[in-house]
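The following note is offered to a colleague who wishes to examine this entry. The points are numbered and may be read in any order.

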Amino acid sequence: LNSSSDAGGLAPAGAGGQRGRASHRLRGLPEHGLPMPAWGDSRRAWLWLAVAVVQEGCRIASAQIYHFDDVAIPTNRSLHTLYAFYVYSQDEAPGGSTSKPFVKFSHFIAHSNSLTRRDKDLESYVGVQLSIMRYRDFWNLINPRKFCSTWDDVPQSRAEKPGTLLLQKPIGDSYSDVDVYIHTIRFPNETNPHPRDVTKDVRNTGVYILVFSNCGDYQDAVVSGTVVVKNAYGFLPGNEYHKMPFYGWLLLVYLALAVIWMGLSVRWWRELFNIQNCIAFVIGFGLVESFLWYIFYNDWNHSGTRGKFLFVAAILLTVVKTTFSYMLVLVASLGWGVTRPYLDQQVILRIQVLCFFYIVLDFIRESVLSFRHSHSLSLAFVLLCLLPVSLLNGAIFYWVFTALSSLMETLKERCQFEKLLLFQRLWKILIFALSVATFTLLFQIFNLSLDITARWKYQWLLTDGVSHGLFLFILAAMMYLWAPHKYSQRYAYSTEISGNDRELGAGVPDQGSAVWAGDDEDDNDDADSFWATTHGRDDRSNAPVDIIGMSQSPGDKL
């Protein structure tokens, strides 16, 4: 918001308003030193966009610690909203901590850039102020037509001094009574070269926005310092706290799944085939991903800043795990390792292109959702980042269901009923997962249009909880369907022997070929089991292994 130069009124400014500088800076991404690629090269363009989003987020996002490093003050009689803090009161804070949440204005000092008005000439200047106030009360406290005090407001007890931020609060109430915490940034002087830090306890739960205002008549100056907001349990924002224990429990679940799968794999290691090995990789990805996210949030809670390396690594592993899992379901639906030993080169190329775009777009989506609340990104921008991934998910699921339908028809024609039953179960699981995912996506889009003050406490369930829970359900179902056991090779690809070959072989299969196992055999008959058939044994014969035929005794009759 900027005040007009004549009557003290307000008009919206490009860098002001409720979005503040965060959204303004996002609109200026090409100015941050990244070369703009030729848009004809789509792959380079998407890579550039992914790097730009992460670079921008990591540069201005310091979580519950917001740094000012020679930042220019707002123009005279104007204010900017810069950041959002999510705070629990001491009574409502999770974790049972006895500490009090607080805001700390640390090492703040202003310096003049003018040659005519030095710092010592501005030691009485009180127009530059930082404040945090609850988001839901902002427009009740700030009058768009007049938010800077004048001499007329001082006798009426509406302000202590002229040229400071004017709030619409009841006369006699303190700033803390209306959940506003203000700090005036002073210019250094000989008696006070280093202003002291100011700490104030935050009493109520809510979303607090950081407001940077200048209600004086001077604007050629810069400010340095740090705003620190700490909850009772630590530095994690209130909307992010529940993710830390969530990923801790998720880590234990993946660890249990890894132990179970490893035990089964070691027990039946001779019977493993490609899909079972891929499931092991997915479990490994999930285990490392949960570990990285838990370490990331734990470090954030103790240090107050996002660890850039942990943040990028965790998001990258999340995206790779999701992409690898989708491709696993896709190639399984295409019959890889079941009805065909390999995929066509053209299909492989399509999958590679799909993986590339999914990794880039999902990386952008995860990054934007991570900064969505703290930087108050616009709904249109968030939807723009969600839509491409949603469309790509739809395309992947369409391909999966089309391929799975064709695969089941092929298995039915070949009378491969055990394999058919397995993929029919997979079909039902994917239908359930798609229904839940679609409902969650629609609710998430609807939820984005709601007031942030009404949804910030449970927002993590939509962004992390439901998606990870659904993924874990599908993974557990696939582990159940493809669990290693004595007859795992029944579901693996093998070459079918023609009827003539069976007659010539007289029931003894050629050692250089395999058979379609488990199609017309009785599972309860150990002698006719898949294991005996594929290993070329017939335990019903008592003849020594080195004797091909047996001579008859004189008493035997034909």
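1. Does aspartate 137 count as buried or exposed? The model is a predicted one, and in it aspartate 137 counts as buried, at 17% relative accessibility. The cut-off for buried is under 20% relative accessible area, so aspartate 137 falls within that class at its 17%.

2. The partner deserves attention as well. Aspartate 137 meets arginine 136 in a salt bridge, at 3.9 Å from N to O. Arginine 136, in contrast to its buried partner, is exposed, with a relative accessible area of 53%.

3. A further salt bridge joins glutamate 240 to lysine 243, with the closest N and O atoms 3.0 Å apart. Both of these residues are buried. Elsewhere, Arg134, Arg136, Asp137 and Asp179 are joined into one network by salt bridges that share partners.

4. The count of salt bridges comes to twelve. One of them pairs aspartate 197 with lysine 104, at 4.0 Å from N to O. This pair links distant parts of the chain, 93 residues apart: aspartate 197 lies in the loop between S7 and strand S8 (198–201), and lysine 104 in strand S5 (residues 102–112). Aspartate 197 is partly exposed, with a relative accessible area of 28%, and lysine 104 likewise counts as partly exposed at 28%.

5. Two backbone angles should be inspected. Most residues other than glycine have a negative phi. Arginine 77, however, has a positive phi near 55 degrees; this residue lies in the loop between strand S3 (65–72) and strand S4 (78–87) and is partly exposed, with a relative accessible area of 26%. Serine 157 also has a positive phi, of about 60 degrees. Serine 157 is placed in the loop between helix H3 (138–141) and strand S7 (180–184), and its relative accessible area of 46% makes it partly exposed.

6. The unreviewed UniProt entry places the feature "transmembrane region" at several spans, including residues 246–266 and 278–297. In the model, residues 246–266 are 100% helix and 0% strand, with the end C-alpha atoms 30 Å apart. Residues 278–297 are also 100% helix and 0% strand, and their end C-alpha atoms lie 29 Å apart.

7. A nonpolar patch on the surface is formed by Phe439, Phe443, Phe446, Leu450, Tyr458 and Leu461, with about 560 Å² of accessible area together. Helix H9 (residues 417–448) supplies the largest share of the patch, three residues. Leucine 461 is found in helix H10 (residues 459–481) and is partly exposed, with a relative accessible area of 39%.

Technical notes:
Residues numbered from 1 in each chain as written. Predicted model: local features only at pLDDT ≥ 70, side-chain atom pairs only at ≥ 80, totals over all residues. Heavy atoms only, no water. UniProt positions renumbered as here; feature names shortened; annotations may be inferred. Helix = DSSP H or I, 4+ residues; strand = E, 2+ residues; numbered from the N terminus. Patch = residues over 30% accessible without salt bridge, like charges linked within 9 Å, V, L, I, M, F, W, Y side chains within 5 Å. Areas by Shrake-Rupley, 256 points an atom, 1.4 Å probe, with all protein chains shown as cover. Salt bridge = Lys/Arg side-chain N within 4 Å of Asp/Glu carboxyl O. Buried < 20%, exposed > 50% of the residue type's maximum accessible area, 1.4 Å probe, protein only.
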